[in-house]
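Reader: I'd like to learn how to read salt bridges in a model. Could you walk me through some?

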Amino acid sequence: MVSAIRDLQGYRREPVAKAPPPQERQKPAAASAPSRPFPWGKTIRGTLAGGLLLALGLGAWQAWNWVRQPSLMPIDSIHIEGLSPKIPVYRINRAIAPFLGQGFLWLNLTQVRDALQQVPWVASADVRRVWPDRIDIDLQAVLPAARWLGSAGEVLGKDGKVYPVPADEIPQQLPALIGPADAGLEMLQERQKLDQALAPVHLQVHALELDPRGGWRCILSNGVRLVLGREKIMEGVQRWVSVVPEIQQYMVPGASMDLRYNNGFAVALPEAPSTSVSEGPAAPRSERK
């Protein structure tokens, strides 16, 4: 213990040299930014470019308006093909007059064509420009095949389309067809087949009707009415035609004959009870529902 204390007393702590305080780094003196001159050149060039674009735009707009002037390229002449007594020139002039002020270059051909196709008896119209100042119009007239009695003042063309025309201009010798507006072509074809079937007895269809349920009936050129039904129409007509020479006493105007039977037909004379003409017991054909 004594020796240990002695050792402790003899202990001398060596002074610890303190490290000198770190010297602060001297910041380099900030270099002062050189002053930049205002970009006058770039600004002037940008202003000039903007002004030039604006001037070009205004010039283009004025040029566009100048070119659109109808007086720049007026229509000098109009050549029309397809005029007829039913399509007189005054109707054509009246239809195209609202568009002539557009001038040759800006004439809307579609609008002119649509207006011409509204003229009575015009089925179609072709309109084209002929440089430098002429308009050619080619009209196709309606080829009437029948009077269409779905409404007054309409004819059915050979193309199966319905055309409105003045009622007093419809040829009365045309056959009359009555049916749905979209059945025109079908009715024309059916009438043609009936006329062919009736040719051996020298009769034609004077009027043909297709009702909303699909039933057919017609009036012949001698005034006899035929009820044809909805099925096996031609079969019934051909059977009836084969016996026409034997029933001449019934072939009077206003007589009605119902052909919807498999083995005969029924006859109803004007102001007389109906009569059945058959090869056996009368049996109506089954109709399509």
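**Reading the salt bridges**

Author: Sure. Keep in mind that this is a predicted model. A search of the whole structure turns up nine salt bridges.

Reader: What is the general idea behind them?

Author: Side chains of opposite charge can pair when their charged atoms come close. Here, Asp136 pairs with Arg134, and their closest N and O atoms are 2.9 Å apart.

Reader: Is Asp136 buried or exposed?

Author: Asp136 counts as buried, because its relative accessibility is 7% and the cut-off for buried is under 20%. Its partner Arg134 is partly exposed, at 31%.

Reader: Which residue forms a salt bridge with Asp258?

Author: That's Arg260, with 2.8 Å from N to O. Asp258 is buried at 13% relative accessible area, while Arg260 is partly exposed at 32%.

Reader: And how does a helix come into this?

Author: Take Glu190 and Lys193, whose salt bridge has its closest N and O atoms 3.5 Å apart. Both sit in helix H6 (residues 184–198), three residues apart, so about one helical turn separates them. Glu190 is buried at 10%, and Lys193 is partly exposed at 41%.

Reader: Which residues are linked in a network of salt bridges?

Author: Glu209, Asp211 and Arg217 are.

Reader: Now for a residue outside this topic: where does Ala176 lie?

Author: Ala176 is in strand S7 (residues 176–178), and at 5% relative accessibility it is buried. Leaving out residues up to four places away in sequence, Ala176 touches Arg147, Leu149, His206, Ala207 and Leu208. Its C-alpha atom is 6.1 Å from that of Trp148, 28 residues away along the chain.

Definitions and conventions
Residues are numbered from 1 along each chain as its sequence is written. This is a predicted model: local features need pLDDT of at least 70, side-chain atom pairs count only at pLDDT 80 or more; totals for chains, interfaces and linings use all residues. Side-chain values use heavy atoms; hydrogens and water are left out. Helices (H or I, at least four residues) and strands (E, at least two) are DSSP runs, numbered from the N terminus. Buried means under 20% relative accessible area, exposed over 50%, partly exposed in between (1.4 Å probe, protein chains only). Contact means heavy atoms within 4.5 Å. A salt bridge is a side-chain nitrogen of Lys or Arg within 4 Å of a carboxyl oxygen of Asp or Glu.
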